Structures are given as structure tokens and as C-alpha cells.
Amino acid sequence: MKKILFATSEVHPLIKTGGLADVAGSLPKALLSLEQDIRIILPNYQSIKHIEQPRYICTLRIDNRDVNILETKLPDTEVIVWLVDYRPFFDHPGNPYVDEQGNPWPNIAERFALFCRLTTEVAMNRAYMDWSPDIVHCNDWQTGLIPALLSLEKPKPATIFTIHNLAYQGLFPASMYQSLNLPGKLWNPDGLEFHEMLSFIKGGLAYADRITTVSPTYAREIQTPEFGYGLEGLLSHKQDILSGILNGMDLQQWNPESDPYISQNFTISSLKNKIANKTALQKRMSLPVNEDIPVFGVISRLVEQKGIDLIINCLKEMVEMPLQFVLLGSGDNSIELELQNYARLYPEKIAVTIGYDESLAHQIEASADIFLMPSRFEPCGLNQMYSQRYGTLPIVRKTGGLADTIVDALPHTIEDASASGVSFNEATPGALLEAIKRTLILYNSKSAWRQIQRNAMKKDFSWEMSANQYLALYNQL
Ligand code: ADP
């Protein structure tokens, strides 16, 4: 049995802004069921949804600040969660990264530096908890200083750093280095320095004993200039300790057989019941109710990464085709406005909901026929997995985790019953439009479509598989 400290800036269902929270909520649970002693550590944000009052454990003095550690459990599990409680930093409305108006926290570097320092104390068993982890598993830039700080300790626990998205690096002016009072030894081009800036993520990449990312394809892509953001050299230098492990998905929460949010539950053998969800969604979205028309769904952060601009560029052609388009998302204001404008112009074809809505997300997954995810890059991606489980065939760009989880419907993959969606290569509206047309042809060939839906629904995206791969990695250390 390994003792693992899992450091993260978000964990579902306590606090979530994206896929990292899903991973942090599921992987520890899966590792616990593999009989590992795993504990999560994260900041105690005001917006955490607590079911019961956390228990006070101790107070540590870090950088002249008194920081509390509280203990709770991940809801509906036995996974212990330690909360780093420092009110001046974390007791404000907003999410882990931005305030209520969406502005990044001006002291975000100080916040996560404090979190990293405290986690290092816990990892070194200096927090009066009589618990010494074998492994400290860090995630994304917010935890990047932990492997760096631990590198100065002897003996120290082994460290793993997982990249969930290399686009976010925690870059700050060099002067921040002094203000954070970080050890001088870590400031060099092989350490935390990145082109005369302080880079939190480099702490993970340069000092961790193992680096992972969330799909094998993304692990290769980030070693190239197109996806590496200047870190490709360091990453390819580290290729012997770098690997990709696909995320799993939460099979309980995303299960068409028991999903409480949808109008009509269905399974692989009662796929015809999926239709009732489609008509319910059409009603809810005030679109014409029509069982036969293919419905395209999108659930996404509206940012450049997700290729929403490619979709917007296709909408003019799409509205000429027999289809409907339903989108749920929030993000860049200009993208939101453009989408809302299309919805106003074509109310019979396009429905756009701006916001974050868990139940509508489930309804779209269950109701749409086709799910669009033309990401420019995608470390792993979850929605394409959910879609497959709901028999909603994804159209994806062949990149990162999308390439690793979808088998393009081609004559030979249809023949051998492995096809589970449609993929395309170039990040251009033309390539996406061609994929859409190819999908519509498949949609109209009912028996082929049914078969691909079944192939998709049968795929195994369980966390158990991923957790076993992480465990194998822990056991190497
Ligand atoms: P990323 O983490 O890059 O945003 P993923 O596909 O890995 O992308 O995960 C996104 C997660 O957030 C999924 O669980 C998805 O359903 C959810 N999500 C994204 N946008 C919304 C939204 N507007 N409303 C509800 N859920 C959303």
C-alpha cells in the first residue's frame, strides 16, 4: 500500500471549474478502492460546498502567516481531504482563479505559493499529523512549486507532476520571486526561471521524479513547438520520465441508464428511448420538435482552445442544412455575443444558452445525435467520452485525448465495429464542414449509425483502468 498526497487546486464536488476537478474527484476514489492510502490537499475557498463542518487539525506558521489545516471527507467517499485555510487569501467569493467579476486574483501567485509551501510541510510530516506520504502527486501549475521545494529536502517523498493543460503555466515577473521569498537555489534556467520570468509549472517539469499528462497523444504533442509553448525542449529532454495516462470518466454520474437529469433513461438495448430526450430538449430550447432532424450539441468553455471559432465559421452553411444546433457554454465575451447573435437570427435552427448548467449539460449529452468538439488542442477531454456513453456520436479534431478516445468512422472501422465517431485533421472551418457532411451521410444510413452508436456505448472509459496505470507508476518510484 502506498501513502499518496494528492495536491490540487480544485476537486469535484467541492469546487470545480473544469476537467481537473473531475480527475481530482475520481482518481483518488479509484485509488482508495485499490486499497491505497490517499489524501487530497487543496485551499479552503469560500465557495466550497461543505456538507458537514470540517474539523480543525493544526496551525502552521508559514512566511509570518498563521495557516490552519482543516480536515473533511470527499462527499460520499472515505477519501480524506485536507483544506489549507488562510482567510485573507481564500475566504472571498469567486472561483480558485478569478473573482466574481471574472478578473484574475491579483495575488494569485502569493495564494498558490502559500498553498505549495504548506503542502510541502505536510509532505515532510511537519504538520503534526503523523503521516508521511511515499508519493506526492501534484497537478498543474498551481502545485508546481511543491516538487521544486521538496527537491531541497532529504530524504523526501517521490513526486509526480501531472499536466492537465500546458497552456496555463503560472508565469509571473521575476520580481515576484523575491516577494515570494523562494530559495535562491531554485532560480536558474534549469529551475523556476523561464525567459527571465518566474514559472510555477517549471517547478513541476524540472524537479518532479515523473511527469504525466492526460493522454498518450498529448504527451507526444507537448514535445513539439506547436503545443509546447517554449517548454517542448525541456519536455523532450524529460521524455524518459514523461508518459500519458488517459483520464477515466465518472460512470455513475454519466450513465444514460440512471441519469436523473434526463427525460427518459435508455441503454444500449433500448436506444430508441433516446428519442424522447431529443424532443424534450427541442421543447426546452423552443426549437421545432422533429424526431428525424439531426441535433448537434456543444458543451464547452468558450475559448480559443476549443475551436468554437471554427464552429461559428461553419454556422452559415450549417443553417442551410437539415439540422439543429444546441450549445451550452460560457467564456470569452465576444464569442458569447456572436453565438447569441446567430441564435437570434436563426431561432428555428440554433439555440444558445450562456452559463454553466450541470443538468442542461446532461440533457444535451443524452438528447443530441452528434456532439461537436473541434478543439485546437485537447489534453484529454471528457465530453467526447460522455457523448460516446450516451450514443451521441462525437465529431472531433484528431488531437490529444480526442485522437486517443475516438475511432474515426471509415469503411474498415465500420466493418470491424470499432468506429465510434468522426475525426478530422486540419483546424480549419473547411475540414470541420467536411466532417459534418460526412457525419450527416452516416446519420442517414440508419443501420450503420445504430452500429456506431453501439460501438461507442460499449467502450470502457472507467477510472479503474487509469487508476491501475497510475498505481503501476507509483510502484516504480
Ligand atoms: P476542460 O477541462 O478543458 O474545460 P473537459 O472536456 O476536460 O474540458 O471538461 C469539461 C467539463 O466541464 C465537463 O464535465 C463538461 O461537461 C463541463 N462543462 C463545461 N462547460 C460547461 C457548462 N457551460 N455547463 C455545464 N458543464 C460544463
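No salt bridges are counted between domain 1 and domain 2. Keep in mind that this is a predicted model. Elsewhere the picture is less bare: the overall count comes to 15 salt bridges. Below is a quick tour of the domains, one of those charged pairs, two helix packings and a few backbone oddities.

**The two domains**

- Let's see how the chain is split up: domain 1 takes in 3-248 + 464-476, and domain 2 covers 268-460.
- So domain 1 comes in two pieces of sequence, with 464-476 listed alongside 3-248.
- Measure from centre to centre over the C-alpha atoms, and domain 1 and domain 2 are 33 Å apart.
- Where they touch, domain 1 puts in 20 residues and domain 2 puts in 19 residues.
- Together the two domains bury about 1400 Å², and 55% of that is on carbon and sulfur atoms.

**A salt bridge to look at**

- Side chains with opposite charges can pair up when their charged atoms come close.
- Glu71 and Arg55 do this here, with 3.2 Å from N to O.
- Glu71 sits in strand S4 (residues 65-73) and Arg55 in strand S3 (residues 55-62), so this pair ties together parts that are 16 residues apart in sequence.

**Helix H1 against helix H19**

- To describe two packed helices, you give the angle between their axes and the distance between those axes.
- For helix H1 (residues 19-33) and helix H19 (residues 463-476), the angle is about 70 degrees and the axes are 9 Å apart.
- That angle makes H1 roughly perpendicular to H19.
- On the H1 side, the contact is made by Val23, Ser26, Leu27, Ala30 and Leu31, while H19 brings Trp463, Ala467, Tyr470, Leu471 and Tyr474.
- Sort the residues of this contact by type and you get nine nonpolar, one polar and no charged.

**Helix H17 against helix H18**

- Helix H17 (residues 429-444) packs on helix H18 (residues 446-457) at an angle of about 105 degrees, and their axes are 5 Å apart.
- H17 is therefore roughly perpendicular to H18.
- From H17, Thr439, Leu442, Tyr443 and Asn444 meet Lys446, Trp449 and Ile452 of H18.
- This contact is a mix of four nonpolar residues, two polar and one charged.

**Backbone oddities**

- Most peptide bonds are trans, and most residues other than glycine have a negative phi.
- The bond from His12 to Pro13 is cis, with omega near 5 degrees.
- You can find Pro13 in the loop between strand S1 (3-7) and H1.
- Another cis bond runs from Lys154 to Pro155, with omega near -10 degrees.
- Pro155 is in the loop between helix H4 (145-150) and strand S7 (158-163).
- His195 isn't a glycine, yet its phi is positive, at about 45 degrees.
- Look for His195 in the loop between strand S9 (193-194) and strand S10 (197-199).

Terms used
Residues numbered from 1 in each chain as written. Predicted model: local features only at pLDDT ≥ 70, side-chain atom pairs only at ≥ 80, totals over all residues. Heavy atoms only, no water. Axes fitted to C-alpha atoms, helices over the stretch in contact; angles between N-to-C directions. Helix = DSSP H or I, 4+ residues; strand = E, 2+ residues; numbered from the N terminus. Parallel < 35°, antiparallel > 145°, perpendicular 65-115°, else oblique. Contact = heavy atoms within 4.5 Å. Nonpolar A, V, L, I, M, F, W, Y, C, P; charged D, E, K, R; others polar. Domains from an automatic or database assignment. Buried area = accessible area lost by both parts, 1.4 Å probe. Salt bridge = Lys/Arg side-chain N within 4 Å of Asp/Glu carboxyl O.
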